[in-house]
Amino acid sequence: MLFRSDALRDALAEEMARDARVVFYGEDVAEYGGAFKLTKGLLEAFGRERVFNTPISEAAICGTGVGAAMAGLRPVVELMYMDFALMASDQIANQAAKWHYMSGAQTTVPLVIRASVGAGKGYGGQHSQSLESLFTHIPGLVVCYPATAADAKGLLKAAIRSDDPVLFVESQALYATRGHVPDDPDLVVPLGVARVAREGTDATIVAWGPAVPDALAAAATLAADGIACEVIDLRTLVPLDMATVLASVRKTGRCVVASQAILVGSYVNEIVARIVEEAFDDLDAPVARVGARNGISPQAQGLEAAFLPNAAEIAAAVRGLI
């Protein structure tokens, strides 16, 4: 059993040992080990040429990452908080995501951008946003958001080995959660493949990131009432494994889509639209949505708890469809 944070560190260390082209950098990631001590020890293991600190400039971090990737390295960079990805929106959206296409496939950008999401820890409006939906709208960019320790490790290894730029979203609330991780240096979870986290026949719950444990908790509660829910953990948002989602919806006839992002403009809505478009005749009820309140994430513990979705809301959404 490993903490999710340890699984991520192991993935990075294993890939750095496997491939000398992999470098890692960001703000305070070397001696300090990053804001969450997730990369502690990497400097001592791989040296200053491959693990180093940067100025406080997300644009510089991502911009140099694009250049390093195009020049033949396989950089992994850290943005600390996902909110700060907006400071590097040009480098991510117009440079990293576009150069393979704009060069006529003559160059690749094997860049991984790690960005933590802080909702649930009282960090407030500038450090708690779930912004994955914004980046799913950028063609050319892969977006991962794992929920388990094993998937965090396997997906990060797959992301580092990929020739595509990857935004790798990490939930801070899940860093301290433990899970079984196979002791296998070749453990790789393929990008774009969802996971059936729990099988069921009465309703489907589609979720990603911290909404997955909430969905599983809701499914356990509903099972006591005789309602069998199937839980689909997307793991990768782009590319989207719609085949697994549709297969589940066609089996159950009912669906709830949940995430920690606010619902206005959320990727939740894209999945709902695809289900309605592609499996309308198989639905026995409208597709329901669960997400954060439409507002700025508060700092106060009680207000933040009210802002975020939870297992009880997911369970209530399912009951509303039965």
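**A seven-strand sheet and a buried serine**

Y25 stands opposite F52 in strand β3. Strands here are DSSP runs of E, at least two residues long, and helices are runs of H or I of at least four, both numbered from the N terminus. The model is predicted: local features need pLDDT of at least 70, side-chain atom pairs count only at pLDDT 80 or more, and totals for chains, interfaces and linings use all residues. Residues are numbered from 1 along each chain as its sequence is written, and side-chain values use heavy atoms, without hydrogens or water.

Strand β2 (residues 22-26) runs parallel to β3, joined by three bridges. Two strands pair if DSSP finds at least two bridges between them. The wider sheet is open and has seven strands, in the order β3-β2-β4-β5-β7-β6-β12, with mixed pairing. Its edges are β3 (51-53) and β12 (236-238), each paired on one side only. Neighbouring strands are turned by 20 degrees against each other on average, direction ignored. Axes are lines fitted to C-alpha atoms, for helices over the stretch in contact; angles run from 0 to 180 degrees between N-to-C directions.

Helix α7 (residues 149-161) packs on this sheet. It touches (heavy atoms within 4.5 Å) β2, β4 (74-81), β5 (112-117), β7 (166-171) and β12. The direction of α7 makes about 160 degrees with that of β7.

Now to a loop. S266 is found between β13 (255-262) and α10 (267-279). Is S266 buried or exposed? S266 is buried, because its relative accessible area is 5%; buried means under 20%, exposed over 50%, partly exposed in between, with a 1.4 Å probe and protein chains only. Leaving out residues up to four places away in sequence, S266 touches S133, S259 and A261. A polar atom of the S266 side chain lies 3.0 Å from the backbone nitrogen of V268.

Technical notes
Polar contact = N/O pair within 3.5 Å; in protein donor to acceptor, adjacent residues only side chain to side chain.
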